[in-house]
Each structure stands twice: as C-alpha cells, then as structure tokens.
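The following exercises are to be worked with the sequence and the three-dimensional model side by side. Each task is followed by a solution in steps.

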Amino acid sequence: MLLDLATGFLTVIGDPICIALIFIGVVVGIIFGAVPGLTATTAIAMFLPITYSLSATVGISLLVALYIGGISGGLISAILLNMPGTPSSIATCFDGRPMALKGEAGKAIGVGIVFSAIGTILSIAALIFVAPQLAKLTIKFGPWEYFAVTLFSLTLIASLAGKSIIKGLIAGVLGMMFATIGLAPVDSVSRFTFGSIELSSGFDVLTVLVGLYAISEVINTAGSLGSNKNMEVNTNFKIKGFGFSLSEFKSQTINCLRSTLIGIGIGILPGIGGSTSNILAYSVAKNQSKYPEKFGTGIIDGVVASETANNATIGGAMIPLLTLGIPGDGVTAMLLGGFVLHGIQPGPLIFTNNASVVYGVFAAMVIATIAMLIFEFLGIRLFVKVLSVPKNILLPMIIILCSVGAFALNNRAFDILAVILFGIVGYLLNKFEYPLPPFILGFVLQETFEINLRRGLQYAQGNIFAIFNQPIAVVFVCGALISLILSIRKQLKINKAKAYQ
C-alpha cells in the first residue's frame with residue numbers, strides 16, 4: 001500500500017500539467033463554493049467534458065481538486081455575509097458571522113481554513129487506510145438503519161433550538177413540511193402542488209439555504225440601514241498568520257477529532273452528506289462544551305466543528321464510491337461519471353485493476369488540500385475587504401449573485417421566486433425569534449427520513465416494531481431517546497434557573 005501511495009505521489013508531482021490543473025481546480029472550486037448556488041457539483045459538471053481528453057489520473061485529479069476547493073470555499077461567504085455558499089457551510093454561519101460582526105472576520109476565516117485542511121487530510125488518511133473495513137460495515141445498512149440514523153439526527157433539533165425548545169420544534173416541523181411539497185419519493189404522488197408544474201419538483205435545498213440566510217440577511221440589513229440597529233463590521237484589524245494562537249489551536253483538538261469522525265461517518269452513509277454532518281458536528285460540540293451558552297455568539301468552537309466535519313465528509317464520501325461503486329451525493333455521482341468516462345469501474349476490484357490511478361488520485365487530494373490552504377490563506381485580507389464595500393452597493397450585488405446562482409441550479413425562473421419566498425420566511429422566523437437551524441435540519445433530513453421509513457414498513461409488511469430486529473438501528477434509536485431526554489432535562493434546568501432569578 002505504502003509503495004503504491006509513493007508511486008502515486010511521484011506520478012502526480014512529476015507531471016507539471018497535473019499539478020497546474022490541480023491548482024486551477026482548487027481556485028475555481030473555491031470561487032464556486034463561495035458564490036451561493038454555484039456548488040462543487042456545478043463546477044465538476046462544467047469541467048467533466050474537459051477531462052475526456054486527459055489521462056485518467058490527470059482528469060480525475062482535476063475533478064477532486066474542484067471538489068475540495070468547492071466544499072471549503074463555502075466558509076468565505078458564510079462568515080463574511082451570513083450566506084452559506086454550499087449546504088455544507090450552514091453551521092459555519094452560526095458563529096462565523098458573529099465573529100465577523102465583532103471584527104474577527106480574519107480570525108474566523110483563518111480558523112475555518114486550517115481546520116478545513118485538517119479535516120480533509122484526516123479523512124483522506126481514513127480513505128487510504130481503513131476504506132475496505134468501513135465499507136464492509138456500511139454495506140450492512142438497510143432502510144431501518146438509515147431511518148434510525150436520521151431519527152437520531154432529528155432529535156438534535158432540541159440542541160439547536162436556542163432559548164425555546166418549542167419554537168425549535170415548530171421550526172423543524174415547518175422545514176419538514178416544506179420538504180414534502182412536490183412528488184412523493186416512493187410512489188410519486190403529487191403533494192401540495194395545487195396544480196403547479198413548478199411545485200411538482202419541490203424546492204431545491206440550495207434555494208432554501210440562499211433564501212433563509214442570504215435574502216433574509218439582505219432584508220434585515222436593508223431595514224436597519226441608517227438606524228442604530230445597523231451593525232457595522234470592523235475591517236481595520238491586524239492579523240498575524242491565520243489569526244489564532246497555538247493555545248487556541250490546542251484547545252480545539254478534541255473538537256477537531258470528534259468532528260472529523262462525525263464527518264467521515266456521515267460521508268460514508270449515502271444520501272446524507274456534508275449538509276447534515278456540519279450541523280450534526282456543531283450540535284455535538286455544543287452539547288459537549290463546558291460553555292454551550294457561548295455558541296452562536298461568535299466563538300471558534302462552532303467554526304471548527306462545522307468546517308472540520310464538512311471537509312472530513314469528502315474522504316468519507318469517497319469510501320463507498322471507490323470500494324462499492326455507490327455515490328453518496330451529487331458530487332460523488334459526478335465523480336463516478338468521471339471514473340466511468342475513463343474506463344474505470346469503481347468497486348471491490350478497483351484497488352487491484354487500477355491501483356496506479358487510485359493512489360494517484362489520493363496523492364492529488366493531498367496536494368489539492370495543501371493548495372487550498374495556501375490559496376485561501378493568501379486571500380484572507382482580500383476576502384475581508386468585501387465587508388468594507390458600502391451596503392448600498394453590496395446588497396444589490398448579493399441579490400444578483402443569489403438570483404444567478406438559483407437560476408443556474410435547474411435553469412428555472414421559478415427558483416429565483418423560491419429564493420425570495422424563503423427570504424421572507426427566514427426574515428419572519430428571525431423577527432419572531434424562531435431559530436433557522438432546526439428548519440434547515442428538518443428540510444434536509446425529511447426525504448431520507450420518509451424514504452427509509454416507508455421502505456422499512458414495506459419490507460416488514462407494515463410492522464413498525466421490525467426495527468428492533470436490527471441491532472445497528474436499535475443503537476441509534478436508543479441514542480435518539482437519550483438525546484431527547486437530555487435535551488428536555490437541560491431545558492427544565494434552564495427554566496428552573498430562570499424562575500429563581
């Protein structure tokens with residue numbers, strides 16, 4: 001294995017064209033990740049035809065560079081503008097934006113860059129050394145196991161609810177309700193479409209994200225311009241290195257390792273991906289913290305958890321793709337197309353039949369991660385300059401970028417209207433102090449929750465208790481119950497403390 005890996009590195013490093021394309025792929029990926037609506041999937045789709053004329057190693061190296069740059073790039077707009085560039089950067093907004101408002105935008109970006117790189121490198125290590133063993137475990141996952149994992153994830157709504165669990169649950173249910181609009185995932189029954197062809201396709205998760213965070217932020221900021229409520233961001237600061245100290249780095253070791261494991265684990269499970277792993281890691285970090293009340297006020301712990309987990313998902317998602325030939329999300333589905341385009345069939349025999357290409361791709365992923373770290377570090381001061389652009393110029397530009405990104409998803413004007421709709425929904429939720437994270441979590445997980453519940457019931461002929469015949473599923477169901485009990489207990493303690501004040 002080590003010999004194959006060394007050969008892969010020599011193959012990639014010895015090819016100047018391959019190195020140049022990796023660098024180009026990382027830069028383009030960062031740009032696509034930073035612009036809401038233009039994701040890594042879009043970047044790979046655009047560059048896939050170009051790889052046809054390249055060798056297998058060079059072509060797939062370009063695609064994975066776009067992947068790595070695209071996932072990491074989402075932190076830039078998430079921190080600076082409260083706009084998650086990709087679904088994987090949702091939780092980065094929670095503490096990244098408050099840090100920017102406190103004049104620590106450079107520090108927040110620096111933290112995000114470093115821990116993005118660490119999460120990616122650790123997940124690549126897992127991909128290289130433990131991929132076959134992990135793949136054997138995930139192949140045992142059926143509908144009941146996926147349903148139980150999703151159920152456990154949904155119980156974390158309580159930890160993201162903020163001051164009121166009731167409002168958090170209402171927001172979560174509202175998110176799940178919006179996700180049911182369109183055709184049912186199992187039998188394609190039309191639901192809540194009111195005869196509209198556009199609504200038959202439902203709402204894309206990116207239109208929901210961009211609307212809830214970007215457009216609602218624009219509405220809120222525009223409404224506060226000229227008033228005392230307008231929060232100006234301090235951009236006159238000095239930054240040394242990546243903006244944080246060695247002691248701060250060391251303090252995040254456990255958080256980083258835990259979030260990496262969550263990212264890898266979620267990445268391995270097809271259909272879940274980075275849009276869930278970053279929120280899940282953030283929730284766990286908050287629950288395990290000695291100062292959970294500080295989360296959401298602008299601390300590096302939240303940025304570390306989100307960015308480590310979403311980038312660790314990269315290596316995790318590559319494991320079932322390479323070992324089983326199963327793409328976990330849209331990005332890895334595109335990568336599967338890239339492999340097939342070059343005559344390589346991912347599966348158990350790929351390490352035997354195409355070892356040189358696979359280990360060359362592993363080497364390219366490591367080089368792309370280092371390139372991502374360097375390019376984003378060099379751009380920190382440039383990124384932060386975005387905050388000094390006058391609001392009357394910046395806000396219209398944001399709306400234009402959001403509209404272009406929404407239209408680019410499916411080439412539908414309807415998606416632009418959907419972005420505006422969810423912008424209004426997000427503004428109203430914020431105004432009445434309903435938290436947005438539970439809404440997003442409910443929306444993202446609803447389809448996985450419903451599909452696997454219905455499939456499980458079909459296999460068990462309607463017997464819901466059949467779930468207790470699956471040991472892995474039982475573990476996650478117990479975890480969900482424990483999580484729910486602890487959340488309720490925590491809320492009761494908070495209410496009791498308030499009563500004595």
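**Exercise 1. Determine which residues I30 touches, and place I30 in its helix.**

Solution. Leaving aside residues up to four places away in sequence, I30 touches G69, G70, G73, I76, F375 and E376, where a contact means heavy atoms within 4.5 Å. The model is predicted: local features need pLDDT of at least 70, side-chain atom pairs count only at pLDDT 80 or more, and totals for chains, interfaces and linings use all residues. Residues are numbered from 1 along each chain as its sequence is written, and side-chain values use heavy atoms, with hydrogens and water left out.

Next, I30 belongs to helix α2 (residues 16-34); helices (H or I, at least four residues) and strands (E, at least two) are DSSP runs, numbered from the N terminus. With a relative accessibility of 7%, I30 counts as buried. Buried means under 20% relative accessible area, exposed over 50% and partly exposed in between, with a 1.4 Å probe and protein chains only.

Finally, I30 and I71 are separated by 41 residues in sequence, while their C-alpha atoms lie 7.5 Å apart.

**Exercise 2. Identify the residues that touch the most other members of the largest nonpolar core, and the helix that gives the most to it.**

Solution. A nonpolar core is a set of buried Ala, Val, Leu, Ile, Met, Phe, Trp, Tyr and Cys residues joined through side-chain atoms within 4.5 Å. The largest has 93 residues, and I22, Y67, F362 and M365 touch the most other members. Helix α4 (residues 56-81) contributes the most, with 16 residues.

Take F362 as the example: beyond four places in sequence, F362 touches L5, I124, L127, I128, L322 and F351. A second, separate core has 51 residues, including A171, I299, A309 and L436.

**Exercise 3. Classify the ring pair F422 and F439, and state what the pair ties together.**

Solution. Rings of Phe, Tyr and Trp (its six-membered ring) pair if their centres lie within 6.5 Å; planes under 30 degrees apart count as stacked, over 60 as edge-to-face and the rest as tilted. The structure holds 17 aromatic pairs. In the pair F422 and F439, the ring centres are 6.4 Å apart and the planes stand at 70 degrees, so the pair is edge-to-face.

F422 lies in helix α19 (residues 413-431) and F439 in helix α20 (residues 436-459), so the pair ties together parts that are 17 residues apart in sequence. F422 is buried, at a relative accessible area of 0%, and F439 is likewise buried at 0%. Ring pairs link these two with F178, F203 and F414 into a cluster.

**Exercise 4. Establish how much of helix α5 is buried, and what follows the helix.**

Solution. Helix α5 spans residues 92-101, and nine of its 10 residues are buried. Among them are the charged-type letters D95 and R97 in the sequence, beside F94 and M99. After α5 comes G103, whose phi is positive, near 85 degrees.

**Exercise 5. Decide where the coordinates call for caution.**

Solution. pLDDT is the predictor's confidence in each residue, from 0 to 100. The chain averages 83, and 88% of the residues score at least 70. Confidence is lowest in helix α17 (residues 380-384), at a mean of 74, and highest in α19, at 91.

Over residues 228-232 pLDDT stays under 50, and the model has seven contacts there beyond four places in sequence. Where pLDDT is low, the predicted coordinates should not be read in detail.
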